Amino acid sequence: MNEGSMKQLNLVFRFVLEMLVLVALFLFGLGLSDEAFIALPLALMLPAAVMVVWGLFVAPRASRRLKDPVRLGVELIIWFVGVLAFAFAVGLFVAILFGLAVLISLALMFYWGQRGA
């Protein structure tokens, strides 16, 4: 596999990680209450809030994309929230694996100069 393919794979991997943050927040929201009429709205609102922030300030085509290092700070907060959500909703092992995957992807993004992508 050549470097160009690896770069593309890392972008796909990053997108999967972004979706997993939303899954983690959904699961965390479901676990906040035993009452479905409380848990389900929370489970929908938490990922929606992150989608709005990511879409406005972090995404490559964001209308108000922040510049680094502020954008990196927002990303790190969202990634950390995802790790915490996985820890509470699924377990510490999954949270650690997710956090390591995020760190690897982020390190590769810096290594390959993909922060502008």
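**Close-up views of a predicted model**

**View 1. D68 is partly exposed, with 34% of relative accessible area.** The model shown here and in the following views is predicted. The partner of D68 in this view is R115, and the two side chains meet in a salt bridge with an N to O distance of 2.7 Å. Because D68 belongs to the loop between α2 and α3, whereas R115 belongs to the segment after α4 (92-111), this pair ties together parts that lie 47 residues apart in sequence. R115 is buried, its relative accessible area being 9%. The value for R115 falls under the 20% limit, so R115 is classed as buried, while D68, at 34%, is classed as partly exposed.

**View 2. A salt bridge joins E75 to R115.** The closest N and O atoms of E75 and R115 are 3.0 Å apart. This pair links distant parts of the chain, with E75 in helix α3 and R115 in the segment after α4, 40 residues apart. Through shared partners, salt bridges join R14, E18, D68, R71, E75 and R115 into one network. By the rule applied, the structure has seven salt bridges.

**View 3. The surroundings of E75 in helix α3 are shown.** Is E75 buried or exposed? E75 is buried, with a relative accessible area of 1%. Leaving aside residues up to four places away in sequence, E75 touches R14, W54, V58, L106 and R115. Two of these contacts, W54 and V58, also appear among the buried residues of α2.

**View 4. Helix α2 spans residues 36-58.** This helix has 23 residues, and the distance from its first C-alpha to its last is 32 Å, close to the expected 33 Å at 1.5 Å a residue. Which residues of α2 are buried? They are A39, A43, P47, V50, W54 and V58. The elements that cover these buried residues include α1 (3-30) and α3 (70-89).

**View 5. F28 and F88 form a tilted aromatic pair.** The structure holds five aromatic pairs. In the pair of F28 and F88, the ring centres are 6.1 Å apart and the planes stand at 55°, so the arrangement is tilted. The pair connects distant parts of the chain, F28 being in helix α1 and F88 in helix α3, 60 residues apart. F28 is partly exposed at a relative accessible area of 25%, whereas F88 counts as exposed at 63%.

**View 6. W54, W79, F86 and F98 form an aromatic cluster.** Ring pairs link these residues into the cluster. W54 is one of the buried residues of α2, and W54 is also touched by E75.

**View 7. E3 and K7 form a salt bridge in helix α1.** The side chains of E3 and K7 meet with an N to O distance of 3.7 Å. E3 and K7 are about one helical turn apart, because four residues separate their positions in helix α1. E3 is partly exposed, with a relative accessible area of 44%. K7 is likewise counted as partly exposed, at 27% relative accessibility.

Methods:
Residues numbered from 1 in each chain as written. Predicted model: local features only at pLDDT ≥ 70, side-chain atom pairs only at ≥ 80, totals over all residues. Heavy atoms only, no water. Helix = DSSP H or I, 4+ residues; strand = E, 2+ residues; numbered from the N terminus. Expected span 1.5 Å × (residues − 1). Buried < 20%, exposed > 50% of the residue type's maximum accessible area, 1.4 Å probe, protein only. Contact = heavy atoms within 4.5 Å. Phe/Tyr/Trp six-rings, centres within 6.5 Å; stacked < 30°, edge-to-face > 60°. Salt bridge = Lys/Arg side-chain N within 4 Å of Asp/Glu carboxyl O.
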